[in-house]
Amino acid sequence: MSAYTDELVGAFVTPPIALPQLVPSRTCLQCDVCCRFPDPDSALRPYFTGNEIARALAGGVEETAFPNRRGAQVILVPAPHGDGYLCPAFDAATSTCRIYEQRPLDCQLYPLALMWDEPHDQVLLGWDTKCPFMREEIPGEIQRHADRVMALLDQPGIRDQVVAHPSLIGRFQGDVVVLALLPRLTEAVAGQWGPVPLHRFTLDDIPRMKTALDQSGWCRDQSLAAYSPVYHYMWNGLLAYWWMELQGFFYLFTQSPDGWFMPLPPIGAGSIDAPLSDAMGLLRRWNGDSPVSRVENVPSQLVPELERLGYRLTPKEPDYLYHATDLAALTGDRYKSQRALCNRFEREQSFEMDSYQVSDRQDCRALLGDWSRQKQAEGLESFGAMLLADAAPAHEVIWSQASALRVTGRVVRTHGRLCAYTFGYWLTSATFCVLLEVTDRTLPGLAQYLFRETCRTAVAEGAEYINGMDDAGLPGLRASKQAYHPAMLIPNFVAFPARES
């Protein structure tokens, strides 16, 4: 165990809540539904509170499973056989939970489910028909079981736990049979988080966010790459993203280990004064006086208005924007080095380049592991190593959801072995953003060749600009991006709350 784990285990941890169980063990052991998921960002991943995380760590679950020690949906792990994902506490060989006696409230509730109704006005208790124990009707014993659970949920200690961790309440699911309304829990949740519904950000919400971005006018050819839903959704396996709509604006919030913040300003048409004031009021409500309350990825056109309102603006790493034709051609002395490396790779290697298929996921995963080890062997600084570790869940989301996210992916193979992959998306019809790029660093010129070919494909499809994202403050990455001679650096700012008068 790490020192952090020792500290957690040694601290006072409240005993687990024990809910009555109805489904017999023999049914669970034969089931192929629970604890298995098709995608890494599944909204149905179990949620662990802080105390439940401490017990899971003591039970042997890896620390990397929990991105937020105060409470988080678990990070799933790839299934050892097949293309799906598993809860890290699940033993696939025996179909059992390694921490069954200490499993979280979220798991104990199942096949009952806490969820919002479709308008998101009331919290419901339902029965998930995906559980094979009940497919067609609600027998009396199931209703009696639900009544016992509702009585427990009405106890202040358990109700307070649910209110403190809104991820325990899922979104409406049409295949869940509604058993009862929970008005006291609904009232308590609204008292804590506000009367305006707060929703988890899922794939289904991307069109809503895209519409708001189009209405705002902030998503332009020379805008930050962050003004795309994909940029944020890819982190949905690691962080909790939430949204709400208020005064015609779309608000996106991120729940991090340090607290809540906004990864973008409120998105909509018209003045941002009132929406931003409302957003900061919510952050103060959720964070208290924590300095974590902030708005990230503020574009330069909003800076004068926010400064007028008293916000403190701090610059962060800019995006690198290039003329697409320059990177596709690599002509002239300033691209001599990159051109030579491309030529060397083409001369020395027998290779194939193809469009990414979801069947490439396992090979991409193996390459990411090799690439990470290569980077660390080169003496990667601690911040860079942390970014590498955090990136793995984001890559899993892209591999799994590339088609749904409309992300373009390409892979390179040498002698049948996958040695490179890249993914990107269209910010506008004229700007293509390079989101991910991973290559075998033992093959000289491969990275340069892959980047050039990505740009050539984008130009053929109408790109005028290539957005290469920011450099994350890493000197080596900064030098690499600068070597391609950006046409401009797109300014980026963080806004902190207005000063108290």
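User: In this predicted model, is Ser 95 buried, partly exposed or exposed?

Analyst: A residue counts as buried under 20% relative accessible area and as exposed over 50%, with partly exposed in between. Ser 95 has a relative accessible area of 22%, so it is partly exposed. Ser 95 sits in the loop between strand E6 (90–91) and strand E7 (96–97).

User: What is the phi of Ser 95, and how should I read its sign?

Analyst: Most residues other than glycine have a negative phi, and most peptide bonds are trans. Ser 95 is not a glycine, yet its phi is positive, at about 55 degrees. Cys 35 likewise has a positive phi, of about 70 degrees, without being a glycine; Cys 35 belongs to the loop between helix H2 (25–30) and strand E1 (36–37), and its relative accessibility of 27% makes it partly exposed.

User: Which residues does a cis peptide bond join?

Analyst: The general expectation is again that most peptide bonds are trans. Here a cis bond joins Tyr 110 and Pro 111, with omega about 10 degrees, and Pro 111 lies in the loop between helix H4 (105–109) and strand E8 (112–116).

User: Which residues does Ala 430 touch, leaving aside those up to four places away in sequence?

Analyst: Contacts of this kind show which parts of the chain meet in space. Ala 430, in the loop between strand E20 (417–426) and strand E21 (431–439), touches Asp 221, Gly 462, Ala 463, Glu 464 and Tyr 465. Ala 430 and Glu 464 are 34 residues apart in sequence, while their C-alpha atoms are 5.1 Å apart. Ala 430 is buried, with a relative accessible area of 5%.

User: How do the axes of H13 and H16 cross?

Analyst: For a helix pair one reads the approach of the axes together with the crossing angle. The axes of H13 (residues 336–348) and H16 (residues 446–460) come within 8 Å and cross at roughly 100 degrees, which means that H13 is roughly perpendicular to H16. Gln 338, Leu 341, Cys 342, Phe 345 and Glu 346 of H13 meet Leu 446, Gln 448, Tyr 449 and Arg 452 of H16, and the contact comprises five nonpolar, two polar and two charged residues.

User: Where does pLDDT stay under 50?

Analyst: Where pLDDT is low, the predicted coordinates should not be read in detail. The values stay under 50 over residues 1–13, for which the model has 17 contacts beyond four places in sequence. For the chain, the mean pLDDT is 91, and 95% of the residues reach 70 or more.

Technical notes:
Residues numbered from 1 in each chain as written. Predicted model: local features only at pLDDT ≥ 70, side-chain atom pairs only at ≥ 80, totals over all residues. Heavy atoms only, no water. Axes fitted to C-alpha atoms, helices over the stretch in contact; angles between N-to-C directions. Helix = DSSP H or I, 4+ residues; strand = E, 2+ residues; numbered from the N terminus. Parallel < 35°, antiparallel > 145°, perpendicular 65-115°, else oblique. Contact = heavy atoms within 4.5 Å. Nonpolar A, V, L, I, M, F, W, Y, C, P; charged D, E, K, R; others polar. pLDDT = per-residue confidence, 0-100. Buried < 20%, exposed > 50% of the residue type's maximum accessible area, 1.4 Å probe, protein only.
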